[in-house]
Amino acid sequence: MADKPSSSTHEITYFLNIENAKILAFIMVSGFIAYHGFIHVTYSSDTCTWLLSDGRFPGYGVWQPYGCMVHKYTREDSRMCMHYISYWGGHNHITFLGDSRIRQLYFEFVSLLSNQPIETSKAHEDIHFVDDHINARVDFIWMPFVNPEMYKLYKQWMLKAPSERPNLVVTGSATWSIKEFNGSTEALKNFETNLTFIVPYLKKMKESTEIVWTLQDPVLPSQLSPNRSMITNAQIDHYNKVALEVFAKAESSAKIWSSSRLVAQGLKKELVDGIHLSQSALNLDVQMLMNMYCNDHMNHNDGTCCSKPETTTNLQIVVAAFFLVCLVSTIALLIYRRRLRRNGLKIRTENCQRNGGVVNAETSTKELAQSLYEVLTSLSKFGIIMAYFYLCDRTDFFMKENKYYTHVNFFLPFAYIMILGFFFTESTEKTEMLHRDQTDEWKGWMQLVILIYHITGASKILPIYMHIRVLVSGYLFLTGFGHFTYFWKKGEYDLFRYCQTGCRYLPQYWSIRNNGLRRMLEVLFRLNFLVVALCFVMNRHYQFYYFVPLVSFWFMVVYVTMAVWPRVTEKQAEERTRTYLFMIIKFILLVLVITLFFISEVFFERIFLLRPLKPLFVTSDDSIHEWRFRWQLDRFSVLYGMIFGFGYHILKRYRMLQDTENRNLFSTSVSWCFAGLGCIGLASYAAFSGLCRNKQECNEVHSYITFIPIVSFILIRNVFGSIRTRYSSFFAWFGRISLELFISQYHIWLAADTHGVLVMIPSYPVLNVILTSFIFICVSHEIFKITTTLTKYAVPSEWKALLRNMVVFGLILISLGVSRGVI
């Protein structure tokens with residue numbers, strides 16, 4: 001059904017002026033691309049440098065490096081990393097060189113790798129750890145001074161073969177020099193001289209060994225013992241300054257680790273003896289080391305620090321070339337049209353003078369040129385948008401940060417959005433239950449809540465997770481209700497109609513009467529256009545965007561359920577009451593089929609792993625687990641929507657409810673009873689989500705009870721006419737582009753395939769979210785317009801053009817399947 005433009009003065013597009021907003025968004029994107037390009041040219045774009053140099057505490061005990069994401073390594077992850085590196089010909093020889101602070105890092109690093117308890121009482125001696133299962137060797141060399149002994153050690157390493165040297169050295173020193181020489185200036189000069197002699201060896205070892213120089217952490221003077229009182233933060237700053245100057249002058253390949261100092265500064269109050277790191281600081285430091293060492297070898301989506309972007313595939317290059325051809329063709333056609341318009345104006349003027357002011361009608365050729373121009377323009381805009389998608393999430397051009405959940409981060413924007421939505425409440429002329437304005441509003445506020453849920457990482461909070469599951473079920477419920485209602489009223493689901501007046505009239509008959517096939521293809525095209533394009537551009541499987549495969553599948557289920565014999569429509573039901581029984585039998589059979597697919601995993605896999613269906617339901621590792629999990633989680637939601645729609649139309653036919661006017665659905669007392677039941681239903685589900693113990697337990701029950709909060713909300717929202725005939729134009733505007741918002745968030749609002757957050761303004765999280773959200777919404781609206789424009793050309797009313805498009809699209813999919821080895 002086409003969207004009817006709203007005449008309300010509060011329509012969101014009037015005060016937002018979305019077209020101007022999109023122009024502003026384009027200017028801002030261009031400006032930030034230029035800005036980030038300048039940053040990349042002027043400063044280092046190495047994410048390892050970002051990891052080791054700067055960061056902040058978004059919350060207590062949580063460290064966010066500057067501009068990149070860190071993966072939290074467990075013991076299993078760490079051991080897998082070591083095993084993986086050694087399997088591909090590398091060697092894991094890591095050396096910690098320095099004083100007692102470096103020894104702390106060593107013990108924490110080894111405890112993350114080892115399956116056995118680590119003895120930490122050793123002091124002032126070398127320590128060695130070897131694990132043959134993961135081919136790892138981690139050494140600690142006690143060397144608290146930068147002196148000739150350290151010089152000799154590096155010289156010995158230089159004489160060895162590259163494979164016998166450590167491939168990572170973590171080192172640092174200063175506190176013992178300050179302590180032993182009572183903070184003398186002479187000791188500082190010796191430190192500088194000895195470090196200057198060592199630096200040349202660091203340069204020579206850069207091909208085989210990565211060296212990390214750790215700046216000295218601050219101390220807590222009030223907790224220092226008397227024999228350490230000379231170790232002041234001023235002295236530590238002098239030594240750090242000298243180290244930075246020496247490494248800067250020599251341009252050595254050693255990496256300066258300054259972010260550990262920031263971590264220690266933020267957790268300084270936890271220093272028990274005033275000098276040695278707390279357990280919290282050690283955990284964060286070792287996680288940084290593991291991310292630096294492992295991320296480029298492992299496939300962690302949430303670890304972008306020290307990880308190279310994905311390489312571009314041949315398919316991505318072909319797609320980029322296609323969009324580039326469209327853009328060039330659009331520019332050429334635009335120039336040609338302008339020239340033609342100028343020449344045409346002169347010719348029309350001469351013709352008018354010659355023919356007494358009569359101008360000839362537009363030709364079909366000109367109409368064809370206009371259609372071509374509209375298609376090329378839409379594809380060119382879409383190509384520019386896809387380039388922005390790729391730039392955001394397949395390169396390190398824009399920064400990325402980890403998500404961080406707090407109750408304030410989630411509930412503050414939630415409350416703000418709700419208040420803003422209620423502020424733009426207005427009346428509507430529609431009075432029926434679940435009318436278009438109301439369903440758009442419902443989709444809109446659900447989508448905004450889901451966006452807040454995703455950007456704050458609230459999935460770890462079980463009650464919030466379960467309520468978001470209900471919102472996703474609500475989308476599928478509306479899918480079942482909306483498509484059932486269309487087929488029930490229209491009865492248009494024939495793929496083909498037979499010629500009744502002679503085969504020579506078949507083409508004209510098809511173009512007029514074959515609405516069932518066109519509707520099915522239009523719905524599938526609208527749902528899948530953006531996702532299919534992203535599969536090509538972002539090199540991801542179709543199942544990665546799980547929601548679109550889910551709604552596409554259930555739309556086909558609704559279509560088949562209504563299309564198989566005996567077909568039941570509203571008109572037939574009015575003529576013969578017994579046809580209701582046929583619909584009930586269909587519902588029962590559908591329940592049985594869904595249950596069969598659920599209880600038999602073998603049968604489920606046999607059906608969905610059949611070729612050529614298999615590529616639609618497997619992930620990049622050729623697993624169907626994700627599809628099965630998503631499918632069974634909401635396996636009854638669409639059926640609930642169909643049954644609700646069926647019951648609603650029966651009640652409406654027999655006048656058991658009245659929604660044709662601005663009044664209550666039932667009598668006043670009955671309406672209040674239903675509203676009370678709705679409140680009880682919502683409260684009951686909220687209690688359930690707070691009482692269930694884990695996600696697995698909640699998910700097992702979810703599919704059976706999800707109709708309770710959904711139907712309860714519908715009752716509260718519709719039972720009173722004064723509420724049913726009002727809606728929020730703010731939420732409804734977002735509801736019309738909810739699909740584009742849901743899919744686009746993966747790459748241009750979130751980052752790293754939803755595992756992180758896109759960063760355009762680092763160190764200012766609130767301002768960054770405002771900016772990226774503005775651009776994200778404008779892009780989603782433009783994609784919605786492009787999809788609407790292309791749909792009428794991709795699914796034309798003329799049967800020959802429709803058949804041609806289906807064949808071309810089929811050939812593209814077959815070629816793609818063959819190239820990827822799935823067909």
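The following paragraphs describe the fold, disulfides, nonpolar cores, one helix pair and selected backbone features of a predicted model.

The chain comprises 823 residues, of which 50% are buried. Its secondary structure consists of 33 helices and 13 strands. When contacts between residues at least 6 apart in sequence are considered, 78% of them join residues at least 24 apart.

Four disulfides were found in a search of the whole structure. With bonded cysteines counted along the chain, the pairing follows the pattern 1-6, 2-5, 3-4, 7-8. One of the four disulfides is formed by C48 and C306, with the sulfur atoms 1.9 Å apart. This pair connects distant parts of the chain: C48 belongs to helix α3 (residues 47-53), whereas C306 lies in the loop between α11 (279-294) and α12 (314-354), and the two cysteines are 258 residues apart. The torsion about the S-S bond of C48 and C306 is about 140°, and the disulfide is therefore right-handed. Both cysteines, C48 and C306, are buried.

A disulfide is also formed between C81 and C294, whose sulfur atoms are 2.0 Å apart. Here, too, distant parts of the chain are linked, since C81 is in helix α4 (residues 75-87) and C294 is in helix α11, 213 residues apart. For C81 and C294 the torsion about the S-S bond is about -95°, so this disulfide is left-handed. C81 and C294 are each buried.

C692 is joined to C698 by a disulfide with an S to S distance of 1.8 Å. The torsion about the S-S bond of C692 and C698 is about 95°, which makes the disulfide right-handed. Both C692 and C698 are buried. Two other cysteines were examined for accessibility. C326 has a relative accessible area of 4%, and is therefore buried. The relative accessible area of C679 is 46%, so C679 is partly exposed.

In soluble globular proteins, nonpolar side chains tend to be buried together. The largest nonpolar core of the model contains 142 residues, and those with the most contacts inside it are F382, M386, F389, W554, W627 and I743. Helix α16 (residues 462-490) gives the most to this core, contributing 17 residues. The surroundings of F389 were examined further. Apart from neighbours within four places in sequence, F389 contacts R394, L534, M538, S744, H747, I748, V779 and I783. A second core, separate from the largest one, has 52 residues and includes C68, A136, F140 and L168.

The packing of one helix pair was also analysed. The axes of helix α15 (residues 436-456) and helix α31 (residues 738-748) come within 10 Å of one another and cross at roughly 10°. Because this crossing angle is under 35 degrees, α15 is roughly parallel to α31. On the α15 side, the contact is made by K443, Q447, I450, L451 and H454, and on the α31 side by S738, L741, F742 and Q745. Classified by residue type, the contact of α15 with α31 has four nonpolar, four polar and one charged residues.

Three backbone features were noted in loops. The peptide bond from W565 to P566 is cis, with omega near -5°. P566 is located in the loop between α19 (547-563) and α20 (570-575).

R655, a residue other than glycine, has a positive phi, near 55°. R655 is located in the loop between α25 (637-653) and α26 (668-691). The relative accessible area of R655 is 66%, so R655 is exposed. A752 likewise has a positive phi, near 55°, in a residue other than glycine. The loop that holds A752 runs between β12 (750-751) and β13 (756-759). With a relative accessible area of 10%, A752 is buried, whereas R655 is exposed.

Conventions. Residues are numbered from 1 along each chain as its sequence is written. This is a predicted model: local features need pLDDT of at least 70, side-chain atom pairs count only at pLDDT 80 or more; totals for chains, interfaces and linings use all residues. Side-chain values use heavy atoms; hydrogens and water are left out. Axes are lines fitted to C-alpha atoms, for helices over the stretch in contact, and angles run from 0 to 180 degrees between N-to-C directions. Helices (H or I, at least four residues) and strands (E, at least two) are DSSP runs, numbered from the N terminus. Angles under 35 degrees count as roughly parallel, over 145 as roughly antiparallel, 65 to 115 as roughly perpendicular and the rest as oblique. Contact means heavy atoms within 4.5 Å. Ala, Val, Leu, Ile, Met, Phe, Trp, Tyr, Cys and Pro count as nonpolar, Asp, Glu, Lys and Arg as charged, and the others, Gly among them, as polar. A disulfide is a pair of cysteine sulfur atoms within 2.5 Å. Buried means under 20% relative accessible area, exposed over 50%, partly exposed in between (1.4 Å probe, protein chains only). A nonpolar core is a set of buried Ala, Val, Leu, Ile, Met, Phe, Trp, Tyr and Cys residues joined through side-chain atoms within 4.5 Å.
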